[in-house]
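Work through the exercises below with the sequence and the model side by side, and try each task before you read its solution.

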Amino acid sequence: MFKIYKHFLKSTPDYLARYYWWAYLWKRSAWFFDHQPIINAILFGQYNKLMQQTMAELAKTDHHRVLQLTCVYGKLTPNLIHAISPTPLHITDISPVQLALANSKKNSEHELLNTRMNAEHLGYQSDVFSTVVLFFLLHEMPPEARAHTLSEAIRVLAPNGTLLITEYAELPKHHVLYRFFPTRWVTTKLEPFLNGFWHEHLPDVLQQQAKAQGKAVEQLTHTNIFKGFYRVTSFQVTSATHKD
Ligand SMILES: C[S@@+](CC[C@H](N)C(=O)[O-])C[C@H]1O[C@@H](n2cnc3c(N)ncnc32)[C@H](O)[C@@H]1O
């Protein structure tokens, strides 16, 4: 049987083409999903709250060199650009369609530095960013891709840099959307790696990845959103020797 996703496999991670071609790799889907009401509905009406909390945490960080690790539908990128202006925002993604969309949201040539890379193997040098922002990327990845991406985020962060993660919370077993079987079923059908992500303890995974690089990670802030269905968490990355 003809498998549509194979058409999107060219230099794209297998999981992205296989499970998310319709969301991120197809031009028409980018047009469709990039409407604020649509992306807001996907996040159960919480997009603005999640973005505002992300921006509030970003305001506390060093804006010297900020990386948005992969593109996001909606207003997040223009808001990040505005918040750190006149410093340019670095953004990287594997999908040319998403990079073109991010580019279309900038007002001037110099405010967005746009590169095509796999988040699991970034081409940036180590210790170069002051802040790295991950907005709903991790739950879309299989565990190995997630671990590689976190390892890369830690690697490219300079000592005392901030990793800002906006994501689904850990297993929300008391939340109505989780307890109500139809919403849990639909969400985990559309997001095949979410269940694994729900069962992972992010601080432990980060610590493990940091340790392997002679670094350490300390949680700075944590905010539950939508009664603990989502979270916005910031971590500081230091060199392990600094921690001793
Ligand atoms: C940030 S995540 C989810 C964002 C969220 N659903 C939204 O748009 O509001 C989606 C982005 O991650 C990108 N992506 C996924 N895996 C990637 C990888 N391994 N390397 C680079 N980009 C990746 C996709 O191309 C897509 O643009």
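The exercises that follow deal with the ligand, a pair of rings and some loop residues.

This is a predicted model, in which local features need pLDDT of at least 70 and side-chain atom pairs count only at pLDDT 80 or more, while totals for chains, interfaces and linings use all residues. Residues are numbered from 1 along each chain as its sequence is written, and side-chain values use heavy atoms, with hydrogens and water left out.

**Exercise 1.** Find which residues come nearest to the ligand, and describe the residues around it.

*Solution.* Begin with the shell, where a residue is near the ligand if one of its heavy atoms lies within 4 Å of it. There are 21 residues around the ligand, and Tyr15, Tyr73, Asp93, Asn118 and Ala119 come nearest. Next, sort the shell by residue type: 15 are nonpolar (Ala, Val, Leu, Ile, Met, Phe, Trp, Tyr, Cys and Pro), two are charged (Asp, Glu, Lys and Arg), and four are polar (the others, Gly among them).

**Exercise 2.** Find the polar backbone atoms that lie beside nitrogen atoms of the ligand, and give the distances.

*Solution.* A polar contact is a pair of N or O atoms within 3.5 Å; within protein, one must be able to donate a hydrogen and the other to accept it, and residues adjacent in sequence count only if both atoms are side-chain atoms. A polar backbone atom of Ile94 is 3.2 Å from a nitrogen atom of the ligand, and for Ala119 the distance from such a backbone atom to a ligand nitrogen is 2.8 Å. On the oxygen side, a backbone N or O atom of Tyr73 lies 2.9 Å from an oxygen atom of the ligand.

**Exercise 3.** Decide whether the rings of Tyr20 and Tyr24 are stacked, tilted or edge-to-face.

*Solution.* Rings of Phe, Tyr and Trp (its six-membered ring) pair if their centres lie within 6.5 Å, and planes under 30 degrees apart count as stacked, over 60 as edge-to-face and the rest as tilted. By this rule the model holds 22 aromatic pairs. The centres of the Tyr20 and Tyr24 rings are 5.8 Å apart and the planes stand at 40°, so this pair is tilted.

**Exercise 4.** Find what the side chain of Asp34 reaches.

*Solution.* The side chain of Asp34 reaches the backbone nitrogen of Gly74 at 2.8 Å, and it also makes a polar contact with the side chain of Lys105, at 3.0 Å.

**Exercise 5.** Find which two residues a cis peptide bond joins.

*Solution.* The cis peptide bond joins Ser85 and Pro86, with omega about 10°.
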